Amino acid sequence: MIVTRQLQVFAAQPDYERLRAICEKVGHMRTYLWQRFGGLATFRQTVGEIRQDITKDRPFERLELDGTVRAENTKDIINDIVAYREAAKRKTSQDIYRRYPDEQSDAFLKHSYVHRRMRLHFKHGRGKSRRGFVMRSDKFRIETDAAGMMSVVLHFSRKAGGDIVLTTRVKTDKTPIQNKNLFVRVEDGKLFIHYAY
């Protein structure tokens with residue numbers, strides 16, 4: 001069973017401010033993508049079509065973000081929207097089978113009942129969080145000091161300000177985060193890393 005664990009980390013004040021700024025920019029991306037693709041108007045678009053629209057329009061080109069951070073978080077947000085959509089479809093299907101147990105669902109695709117149920121379960125989504133961002137597994141490295149304590153070095157392009165070192169109070173061998181995507185969260189003046197365990 002996979003669960004998510006969190007680890008509190010520490011950074012120098014300028015690096016903390018950079019991470020907080022990255023969270024704000026990714027939050028802007030999240031709000032825009034949910035507003036644009038989180039409603040019934042784009043319900044039939046596939047993940048590939050959504051990505052094509054984003055690539056064509058380049059809505060985040062002016063955001064001063066590392067390219068990998070921009071791409072990885074766009075993918076993560078789109079996956080959230082699609083997961084929300086699939087959950088709404090499942091709930092709508094259950095409603096249809098409850099109401100018409102002996103009929104094939106295809107007969108009711110243009111039925112107003114289906115449309116009403118989809119509107120009920122698939123309300124236009126919103127992305128308001130400004131607390132974190134995804135860091136791909138090949139964009140950080142683990143360092144260990146003489147006492148065996150772990151530091152996480154996040155790799156950003158020089159244009160985005162270069163690397164950020166996050167120190168921890170745990171031993172490297174006790175925290176298996178190597179080769180896993182991380183979610184870096186900034187909240188109430190504290191830094192956290194979330195990882196799958």
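Start by selecting M150: this residue is buried, with a relative accessible area of 1%. Keep in mind as you click around that this is a predicted model.

**Stop 1: M150 and its surroundings**

M150 sits in strand β4. Now show what is around M150. Leaving out residues up to four places away in sequence, M150 touches L7, I142, E143, T167, T168, V170, K171, T172, T175 and I177. Pick V170 from that set and look at the backbone: the C-alpha atoms of M150 and V170 are separated by 6.1 Å, with the two residues 20 apart along the chain.

Step along to S151, also a β4 residue. Is S151 buried or exposed? With a relative accessible area of 16%, S151 comes in under the 20% cut-off, so S151 is buried. Again setting aside residues up to four places away in sequence, the contacts of S151 are R141, I142, E143, V165, L166 and T167.

**Stop 2: the β3–β4 hairpin**

Select residues 140–144, which make up strand β3, and show them together with β4. The two strands are antiparallel and pair over five bridges. To get your bearings, find F140, which stands opposite L154 in β4. Then follow the chain round the turn. Four residues lie between β3 and β4 in this hairpin, and G148 in the turn has a positive phi of about 85 degrees.

**Stop 3: the four-stranded sheet**

Next, bring up β1, β7, β6 and β2. In that order they form an open sheet of four strands with antiparallel pairing. Which strands stand at the edges? They are β1 (4–9) and β2 (132–135): each has a single partner strand, so one side of each is left without a neighbour in the sheet. Turn the view to look at the twist: on average, and ignoring direction, neighbouring strands of this sheet are turned by 25 degrees against each other.

Zoom in on β2 and β6 (residues 182–187). Four bridges join these antiparallel strands. Two spots to label here are V134, which stands opposite F183 in β6, and M135, whose bridge partner in β6 is L182.

Add α1 to the picture. This helix packs on the sheet and touches β2, β6 and β7 (190–196). The direction of α1 makes about 95 degrees with that of β2.

Now move from β6 to β7. These two pair in the antiparallel sense over five bridges, and one pairing to label is V184 with its bridge partner in β7, I193. The same two strands form a hairpin with two residues between them. Click on D188 in the turn, where phi is positive, at about 50 degrees.

**Stop 4: rings**

Show the aromatic side chains. How many aromatic pairs does the structure hold? There are three. Zoom in on F133 and F156: the ring centres are 6.5 Å apart and the planes are at 55 degrees, so this pair is tilted. The pair links distant parts of the chain, since F133 is in strand β2 and F156 is in the loop between β4 (149–154) and β5 (164–171), 23 residues apart. F133 counts as buried at 0% relative accessibility, and F156 counts as buried too, at 7%.

For another ring, go to F43. R85 lies over the face of F43, at 5.6 Å from the ring centre.

**Stop 5: helix α2**

Last, select residues 47–57, helix α2. Its buried residues are I50, D53 and I54. Why are they on the same side of α2? They cover an arc of only 95 degrees around the axis, which puts them there together. To see what this side faces, show α1 (13–37) and α3 (67–99): the buried residues of α2 pack against both.

Now flip the helix over. The face turned away from the buried side carries the exposed residues Q52, T55 and K56. Finish just past the end of α2, at R58, where phi is positive, near 50 degrees.

Methods
Residues are numbered from 1 along each chain as its sequence is written. This is a predicted model: local features need pLDDT of at least 70, side-chain atom pairs count only at pLDDT 80 or more; totals for chains, interfaces and linings use all residues. Side-chain values use heavy atoms; hydrogens and water are left out. Buried means under 20% relative accessible area, exposed over 50%, partly exposed in between (1.4 Å probe, protein chains only). The arc is that of the directions from the helix axis to the C-beta atoms. Contact means heavy atoms within 4.5 Å. Two strands pair if DSSP finds at least two bridges between them. Axes are lines fitted to C-alpha atoms, for helices over the stretch in contact, and angles run from 0 to 180 degrees between N-to-C directions. Rings of Phe, Tyr and Trp (its six-membered ring) pair if their centres lie within 6.5 Å; planes under 30 degrees apart count as stacked, over 60 as edge-to-face and the rest as tilted. A charge sits over a ring if NZ of Lys or CZ of Arg is within 6 Å of the ring centre and within 35 degrees of the ring normal.
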